[in-house]
Amino acid sequence: MTTTLTRPELTAADRCDRCSAAAKVRAILPTGGELLFCGHHAREHKAKLAELDAEIQQDDDSLLT
């Protein structure tokens with residue numbers, strides 16, 4: 001599922017949890033946790049996030065299409 005941002009928008013201070021690049025995607029897990037990803041790592045983990053039924057919030061709708 002992809003939605004628009006409902007939490008505070010991602011800023012330049014938000015960093016990818018995998019590589020510390022600028023975060024472009026927030027994945028909210030069903031357990032309540034969240035992960036931040038750059039575009040590269042969001043695409044890399046897209047299938048697993050879908051499998052986990054994570055809510056995906058992104059500032060650019062074209063990143064995970």
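**A walk from Ala23 to the salt bridges**

Let's start with Ala23, which touches Leu10, Asp14, Arg15, Cys16, Leu36, Phe37 and Cys38, leaving aside residues up to four places away in sequence. Keep in mind as you look around that this is a predicted model. Where does Ala23 sit in the chain? Look in the loop between strand E1, residues 2-3, and strand E2, residues 25-28. Despite being a loop residue, Ala23 counts as buried, because its relative accessibility is 4% and the cut-off for buried is under 20%. Pick out Leu10 from that list of contacts and check the spacing: 13 residues separate Ala23 and Leu10 in sequence, while their C-alpha atoms are 6.9 Å apart in space.

Now step along to Arg26, which lies in strand E2. Is Arg26 buried or exposed? It's buried, at 5% relative accessible area, so Arg26 falls under the same 20% cut-off that we used for Ala23. What does the side chain of Arg26 reach? One partner is the backbone oxygen of Pro8, at 3.1 Å. Another is the side chain of Glu34, joined to that of Arg26 by a polar contact of 3.4 Å.

That second pairing deserves another look. Side chains of opposite charge can pair when their charged atoms come close. Arg26 and Glu34 do this: their side chains meet in a salt bridge, with 3.4 Å from N to O, and that is within the 4 Å cut-off for a salt bridge. The two ends of the bridge are not equally accessible, though: Arg26 counts as buried at 5%, whereas Glu34 counts as partly exposed at 35%.

How many salt bridges does the count come to? Two, so there is one left to visit. Head over to helix H2, residues 46-51, where you'll find Lys48 and Glu51. Lys48 forms a salt bridge with Glu51, and the closest N and O atoms are 3.1 Å apart. Why are these two separated by about one helical turn? Because they are three residues apart in helix H2.

Accessibility gives this pair its own character. Lys48 is partly exposed, with a relative accessible area of 45%. Glu51 has a relative accessible area of 60% and is exposed, because the cut-off for exposed is over 50%. So as you turn the model, you can set the helix H2 pair, with its partly exposed Lys48 and exposed Glu51, beside the other bridge, where a buried Arg26 meets a partly exposed Glu34.

Technical notes: Residues numbered from 1 in each chain as written. Predicted model: local features only at pLDDT ≥ 70, side-chain atom pairs only at ≥ 80, totals over all residues. Heavy atoms only, no water. Helix = DSSP H or I, 4+ residues; strand = E, 2+ residues; numbered from the N terminus. Buried < 20%, exposed > 50% of the residue type's maximum accessible area, 1.4 Å probe, protein only. Contact = heavy atoms within 4.5 Å. Polar contact = N/O pair within 3.5 Å; in protein donor to acceptor, adjacent residues only side chain to side chain.
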